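Trainee: I'd like to go through the salt bridges here. Can you walk me through the labels?

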Amino acid sequence: MKRITLTQFLIERQRGRNLINADLRLLIETVARACKAISTRVSKGALADVLGAAGTDNVQGEAQKKLDVISNEILLEANEWGGNLAALASEEMDLPYRIPTHYPRGEYLLLFDPLDGSSNIDVNIAVGTIFSVLRCPEGGAEADEKAFMQPGTAQVAAGFAVYGPTTQLVLTLGDGTHGFTLDREIYTFVLTHPDLRIPEETQEFAINVSNMRRWEPPVKRYIDECLAGKDGPRGKDFNMRWVASMVADVYRILSRGGIFMYPRDAKNRDGRLRLMYEANPMALIVEQAGGAATDGRSRILELQPQKLHQRVAVILGSKNEVERVTSYHAA
Ligand code: F6P
């Protein structure tokens with residue numbers, strides 16, 4: 001069987017279809033290379049002394065893990081010198097990271113969550129990296145926070161890596177969603193899941209049920225109906241999965257369907273996940289695979305961001321289920 005590497009996949013989209021330019025290709029390859037380095041660190045665990053707390057807090061006031069800090073540094077170091085970026089932004093940094101003055105600047109903005117699902121690091125459960133690429137409005141000028149304030153529809157690329165039993169890279173350039181597996185023998189991502197499609201119907205939901213008492217009525221109604229199973233209004237039994245790593249939950253949904261929800265609730269009034277480097281890239285990936293993504297009321301990709309670390313409610317996955325939850329919000 002002929003194997004298509006990530007590089008070949010990207011070159012084909014650059015040369016044949018003009019979908020990306022050389023700068024964007026280099027940017028995606030660089031992010032993928034950083035993900036390989038993070039994957040190696042994650043897989044070494046205690047042997048490399050990367051587990052446990054870093055002893056610092058991030059901008060959200062959350063305690064950082066050593067691997068949060070290491071992954072952030074790997075992504076910054078890999079991307080700052082390529083000449084294709086105007087600025088970077090990360091969950092782990094309060095403000096956008098400016099490209100050091102001795103390096104050239106480019107036309108793109110890169111946002112990332114360096115290590116998603118970090119509560120799972122120390123317990124050997126899959127974690128990942130999420131990223132989103134925008135064009136810098138000023139086309140290469142010094143980019144501040146304002147330059148990042150673009151809706152998800154403006155993303156030119158989005159992707160995530162899952163560091164699980166295999167390391168997977170999922171990528172969209174706006175022409176479908178494609179999955180690559182890291183071949184550790186040649187240290188290369190190989191296209192193994194071209195054109196992923198999320199089934200429209202599902203019998204599987206993912207939500208942190210421990211928050212149930214705080215949910216709003218539409219979410220409570222949807223989950224109650226799922227739990228009622230065959231005898232309830234849905235007339236079928238549902239299964240539940242919650243990895244607590246969005247990357248792993250979304251990867252499962254891309255593979256076999258399902259709905260993922262982190263709704264707003266009485267404790268997290270704006271939702272818990274971050275719009276710009278979690279919800280937006282995942283929404284584009286899911287939509288490009290035939291699924292849907294809303295905050296309960298609006299399409300996530302059309303929300304106008306107000307700040308870099310903005311939180312948002314997230315409901316995404318199989319189209320019919322997402323539309324059902326959205327209709328309960330409108331009722
Ligand atoms: O950063 C967000 C995150 O770790 C997601 O990856 C995951 O879906 C969610 O938080 C888990 O939240 P909880 O700890 O409430 O289950």
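Mentor: What follows is a short chat about salt bridges, where they sit and how buried they are. This is a predicted model, where local features need pLDDT of at least 70, side-chain atom pairs count only at pLDDT 80 or more, and totals for chains, interfaces and linings use all residues. Residues are numbered from 1 along each chain as its sequence is written, and side-chain values use heavy atoms, with hydrogens and water left out.

Trainee: What makes Asp175 and Arg17 a salt bridge?

Mentor: The cut-off is a side-chain nitrogen of Lys or Arg within 4 Å of a carboxyl oxygen of Asp or Glu. Their N to O distance is 2.9 Å, so the pair fits that definition.

Trainee: Why is Arg17 called partly exposed?

Mentor: Buried means under 20% relative accessible area, exposed over 50%, and partly exposed in between (1.4 Å probe, protein chains only). Arg17 has 45%, so partly exposed is the label.

Trainee: And why does Arg274 count as buried?

Mentor: Because its relative accessibility is 3%. Its salt-bridge partner Glu62, 3.6 Å away (N to O), has 24% and therefore counts as partly exposed.

Trainee: How do you know that Arg274 and Glu62 tie together separate parts of the sequence?

Mentor: Arg274 lies in strand β14 (a strand being a DSSP run of E, at least two residues, numbered from the N terminus). Glu62 is in the loop between β1 and β2, so the parts tied together are 212 residues apart in sequence. Both residues also belong to a salt-bridge network with Glu91, Glu278 and Arg311.

Methods
Helix = DSSP H or I, 4+ residues; strand = E, 2+ residues; numbered from the N terminus.
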